[in-house]
Amino acid sequence: MALSIDLTAVTTPIAAPSVNYGAIAAPLVVLGAACLGVLFEAFVPRRSRWGMQVGLTLLTLLGAALALVLYLRHAPAAGVTTLSGTLAIDRPALFLWGTLLALALGAVLLIADRTVDRGGYFVANAAIRPGALSERADRLLGGMQTEVFPLTLFALGGMMAFCAANDLLTMFVSLEVLSLPLYLMCGLARRRRLLSQEAAVKYFLLGAFASAFFLYGLALLYGYASSVKLSDIAHAAAGTNRSDTLLFGGMALLVVGLLFKASVAPFHTWTPDVYVGSPTPVTAFMGACTKVAAFGAILRVLTVAFQATSWEWRGVLWAVAIVSMFLGAVLGITQSDVKRMIAYSSIAHAGFILVGAIALTGRGLSGTLFYLVAYGFTTIATFGVITLVRDSDGEASHLSQWAGLAKRSPLLAGVFTFLLLALAGIPLTSGFVSKFVVFSAAMNDGEGPLVVLALIASTIAASYYLRVVVLMYFSEPAADGPTVSVPGPFTTAAITLGVLVTLVLGVWPSVVLDWAGGGSFAL
Amino acid sequence: MTVLHTAVATTPATTSSTGFPVLLALLLLPLVGAVVVSTFRNEPRAAKLVALAFSVIELGLAVVALFVYRTGGARLQFSASADWVPSFGVHISFGMDGIALVMVAMIAFLVPVVLGASWAEKLPEGRSVAGFFALVLTLEALMVGVFAATDVFLFYVLFELMLIPMYFLIGNYGGVNRRYAAVKFFLYSFLGGLLMLASAIGTWSYVQSVTGNGTFDWATLTSVVSHAPLSTQLWLFMGFFFAFAIKAPLVPFHTWLPDATAEAPVGVGVLLVGVLDKVGIYGFLRYNLELYPAASRTLAPLLLVLSVAGVLYGAIVAAGQSDMKRFIAYVSLAHFGFMGIGVFAFTQQGTVGSVSYMVNHSLATGMLLLVVGMIAVRGGGSVRAEDYGGLMKVTPILAGMFFLAGLSTLSLPGTNSFVSEFLVLLGSYQTQPVYTILGTIGMILAALYVLWLYQRVAHGPIRGNALVGLAGGPGAAADPSVGARKVVRDLSGGERWVLAPLVVLILLLGFYPKPLLDVVNPSVTATVQQVSVQEGN
């Protein structure tokens with residue numbers, strides 16, 4: 001049987017797919033620069049690597065943004081598909097790309113900082129055994145592994161492809177492209193090597209599981225629809241007598257893989273450990289960008305492939321959203337570490353975003369997109385502030401060390417309070433507007449009870465944000481408390497960017513809301 | 001935030017933009033004041049004077065507003081509107097009816113008094129005076145905004161923002177348990193606010209489905225939602241109800257109030273009980289009754305039961321308090337319940353009574369709290385009733401002020417509160433005799449306890465740890481019959497200036513309440529009509 005190859009298939013020339021280079025210029029720039037970055041690692045002398053990598057990365061982000069803006073000026077409103085329909089470059093995809101580039105800029109600024117932790121947050125040689133003599137030597141030398149920059153770009157390119165992927169196979173490949181660099185980056189912390197390596201291993205193992213789930217779901221859906229294209233699955237699901245078991249089994253497994261990346265409970269177990277163990281700038285990158293990419297993909301999959309069957313699966317996602325909101329809100333209260341607390345906060349926020357994502361209406365889409373932008377910038381700035389509070393052993397992330405911080409550093413405490421209020425959803429911050437647009441979309445779509453539960457979860461979550469405010473303002477500082485580092489230009493820029501966007505989107509959300517509501521998914 | 005356009009064009013009969021600059025100034029002046037005051041970080045005296053100057057100018061503006069207001073004019077005056085988030089129909093729009101106007105005037109009157117009372121406040125170690133005064137001015141701006149907002153979304157935004165300065169005022173400058181009280185206050189109000197947000201979104205969504213245009217404009221919402229089917233109205237009613245029941249507060253949503261009042265500095269406590277809580281009653285009138293009249297009528301028995309429960313519970317629990325601030329908080333709880341009876345009886349007199357009670361309660365209870373604060377300053381910070389006795393003999397003027405505030409609190413004829421209480425009784429008895437009688441019993445109890453407290457603190461022999469120290473204590477004047485008496489001075493000049501305006505208003509409104517009632521009357525008529533007109537639905 002193996003010998004009976006159909007010769008015509010071999011001899012017929014394969015038609016090369018037409019490529020709309022203008023449409024995919026932005027991810028091409030990013031991925032191309034990532035390859036260039038790898039070459040830099042190989043050929044550029046060690047002392048000038050850092051400067052060249054930072055320059056290249058920042059230029060890449062600007063160049064990609066430029067390519068995006070140039071394309072946007074004459075992009076068709078309905079969107080285009082290219083590379084034989086594997087990528088759909090429509091308004092939501094373009095919006096998400098812009099968001100990812102802007103958030104990555106903030107994250108890269110944090111990653112590139114070498115003033116707060118002398119020599120940077122990254123170990124010079126990731127293979128050093130924790131506690132070995134060479135580790136101490138490394139700490140004294142203060143070098144840094146500059147591979148983190150091309151890794152960031154690879155992850156970013158994967159994310160951009162992920163939220164534009166129009167078929168499941170492309171989605172899977174980009175999922176791996178975005179995940180593998182992240183697994184590595186988690187393990188690169190200069191301090192607390194053991195925790196960092198543990199985070200990397202945990203993230204990798206659980207991530208591999210999630211990928212397997214995704215792949216299995218893909219296989220079942222292929223069996224159902226004989227195609228991996230999202231639109232073909234939608235066609236197949238509309239009015240056929242094929243087995244629903246394949247469809248819903250496949251969808252469930254697929255969505256588990258996606259929800260894992262978005263750290264929605266009950267698929268969140270990796271989140272707290274990985275957030276704590278990773279170098280904080282990498283946590284910021286993950287917390288902001290991965291969430292954007294994952295929810296971009298979730299929105300696309302649910303809207304394009306499964307909208308027709310939404311009555312069957314929506315109840316399950318309701319339950320997932322409720323679990324995520326309450327688990328994040330309640331477990332966050334018991335945390336004593338700032339990064340862990342923010343990790344649980346991100347789980348609660350994932351639940352809120354999911355509330356908007358399952359509305360599957362125009363308002364739901366634009367609300368969710370707005371939420372992702374707002375949340376991303378707040379997260380970048382939050383982690384930026386967390387890097388600044390330090391003692392001799394690195395970041396002082398235990399909450400008790402933050403007591404009375406307002407007296408030592410009123411500015412830092414003020415900024416952090418503002419960010420916490422944004423996370424809690426107090427008016428005049430982007431956090432409030434994003435909750436408002438998401439919940440109003442859900443309410444319009446008849447999800448009233450879910451919205452009320454979401455609001456109760458918001459109040460519970462607010463209690464732990466307030467606890468930090470209480471600590472910073474109303475408590476006396478400890479005698480041997482941490483110091484607040486004076487941030488260098490990079491970190492200052494990142495925090496300022498995040499805080500400004502949080503404020504502007506809170507006071508004047510109209511422009512971004514209009515962009516987010518500019519169009520729907522292309523088929 | 002485009003060009004300002006007045007709301008006159010759309011609904012000429014109900015709004016008028018005359019005098020909007022006055023309202024704009026009322027809104028912005030305290031904010032400017034807060035910014036200016038916060039620059040005097042290292043000069044506490046200058047900070048206080050500047051803050052007081054700003055608050056007095058604000059009071060002047062409020063008086064101007066009272067004269068600009070035309071009693072027979074449009075429902076909402078001083079109004080103007082600008083787009084904020086057009087895609088959701090959110091506006092920045094302000095305007096005041098008579099009810100809002102008297103509350104704004106009340107705020108403008110209380111803030112200088114509160115600043116004066118906080119002049120010599122002993123702040124906890126390391127807290128800045130400028131910060132305290134700047135926060136009070138910020139709070140003032142937000143409170144004016146809450147009463148003047150005519151867009152439901154804007155109302156919500158200001159309602160939540162108002163929590164932040166209050167949170168810091170209690171948490172930063174309060175008593176021993178301030179952290180607990182501040183967080184409890186914040187979370188309770190935040191939860192209520194969020195449920196209100198859910199209702200507001202639901203209302204918006206309903207209006208969008210009916211008219212095709214989503215908007216948060218209060219007048220438009222009122223005209224559409226008030227005709228919604230009862231089942232819809234009931235759900236939407238509940239969100240606003242929880243927010244205002246927590247704010248007002250009604251039993252069983254009240255537990256934050258005694259903690260917050262007891263821990264807050266006295267001046268802040270006056271603003272809390274005198275103004276912030278009134279937002280609850282005001283909200284019932286402006287939002288619950290007008291937006292959801294059918295639901296209001298259906299749920300009136302529930303609301304009346306909660307109100308009466310508040311009166312009885314507040315009065316009874318007050319008897320068990322030894323902390324005078326907590327005592328006042330519980331007596332206020334009874335008063336809020338009584339205002340609730342007036343509001344939910346849906347009669348003209350009852351509602352006018354409740355609205356004027358909102359003002360008069362601020363004066364009476366505000367003065368009572370301030371007097372307790374002044375007593376506490378003399379007694380080494382103690383607010384426990386057992387620590388005092390025979391104050392009349394030591395500080396006659398202070399005790400006299402205590403007595404006057406007490407009389408006003410228990411609504412003696414000739415004091416301001418009498419008129420309001422009488423109107424509430426008169427109005428509510430027509431439609432709800434049983435609840436009114438039960439409520440009155442509670443009010444009598446509350447009055448009794450106020451008198452009893454006064455008696456314990458001010459009469460009898462001089463006694464109590466705060467007034468009588470150990471023999472040979474610092475500054476002791478030996479008196480063999482009672483032990484060593486501490487030196488306690490009567491009211492200082494500054495303190496007299498703080499209390500004098502309150503005394504004047506209490507007596508003035510007691511004998512001549514007509515101006516207050518005239519301003520309030522037309523707006524109340526509109527509200528009562530809105531609730532009762534569609535009886536046929």
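The following exercises, with worked solutions, concern a predicted model.

**Exercise 1. Determine whether chain B is as compact as a globular protein of its length.**

Step 1. Chain B contains 21 helices and five strands.
Step 2. The radius of gyration of chain B is 23 Å, and the globule rule gives 24 Å for 537 residues.
Step 3. These two values are close, so chain B is as compact as a globular protein of that length.
Step 4. Two further values complete the description: the C-alpha trace of chain B spans about 80 × 55 × 40 Å along its principal axes, and 64% of the 537 residues count as buried.

**Exercise 2. Describe how helices H4(B) and H6(B) are arranged.**

Step 1. Two packed helices are described by the angle between their axes and the distance between the axes.
Step 2. The axes of H4(B), residues 129-148, and H6(B) come within 9 Å and cross at roughly 155°.
Step 3. Angles over 145 degrees count as roughly antiparallel, and therefore H4(B) is roughly antiparallel to H6(B).
Step 4. The crossing of the two helices is left-handed.
Step 5. H4(B) contributes B:Phe132, B:Leu135, B:Thr138, B:Leu139 and B:Leu142 to the contact, while H6(B) contributes B:Pro165, B:Met166, B:Phe168, B:Leu169 and B:Tyr173.
Step 6. By class, nine of these residues are nonpolar, one is polar and none is charged.

**Exercise 3. Characterise the side of chain B that touches chain A.**

Step 1. The contact takes 25 residues from chain B and 26 residues from chain A.
Step 2. On the side of chain B, the elements that give two or more residues are helix H5 (152-161), helix H6 (163-173) and helix H7 (178-211).
Step 3. H7(B) provides the largest share, 15 residues.
Step 4. This side of chain B has 16 nonpolar, six polar and three charged residues.

**Exercise 4. Classify A:Ser226 and A:Leu360 as buried, partly exposed or exposed.**

Step 1. A:Ser226 lies in the loop between helix H8 (193-225) and helix H9 (230-237) of chain A, and its phi is positive, near 55°.
Step 2. A:Ser226 has 11 C-beta neighbours inside 10 Å and therefore counts as exposed, the cut-off being 12 or fewer.
Step 3. A:Leu360 lies in the loop between helix H14 (338-357) and helix H15 (362-388) of chain A, and has a positive phi of about 55°.
Step 4. With 17 other C-beta atoms within 10 Å, A:Leu360 is partly exposed.

**Exercise 5. Locate a cis peptide bond in each of chains A and B.**

Step 1. Most peptide bonds are trans.
Step 2. In chain A, a cis bond joins A:Ala265 and A:Pro266, with omega about 5°; A:Pro266 is in the loop between helix H10 (244-261) and helix H11 (270-277).
Step 3. In chain B, a cis bond joins B:Val251 and B:Pro252, with omega about 5°; B:Pro252 is in the loop between helix H9 (230-247) and helix H10 (256-263).

Notes:
Residues numbered from 1 in each chain as written. Chains lettered and ligands numbered in written order. Predicted model: local features only at pLDDT ≥ 70, side-chain atom pairs only at ≥ 80, totals over all residues. Contact = placed C-beta atoms within 7 Å. Helix = DSSP H or I, 4+ residues; strand = E, 2+ residues; numbered from the N terminus. Nonpolar A, V, L, I, M, F, W, Y, C, P; charged D, E, K, R; others polar. Axes fitted to C-alpha atoms, helices over the stretch in contact; angles between N-to-C directions. Parallel < 35°, antiparallel > 145°, perpendicular 65-115°, else oblique. Left-handed = near helix turned anticlockwise from the far one by under 90°. Rg over C-alpha atoms; globule rule 2.2 N^0.38 Å. Buried ≥ 20, exposed ≤ 12 C-beta atoms within 10 Å, placed from the backbone.
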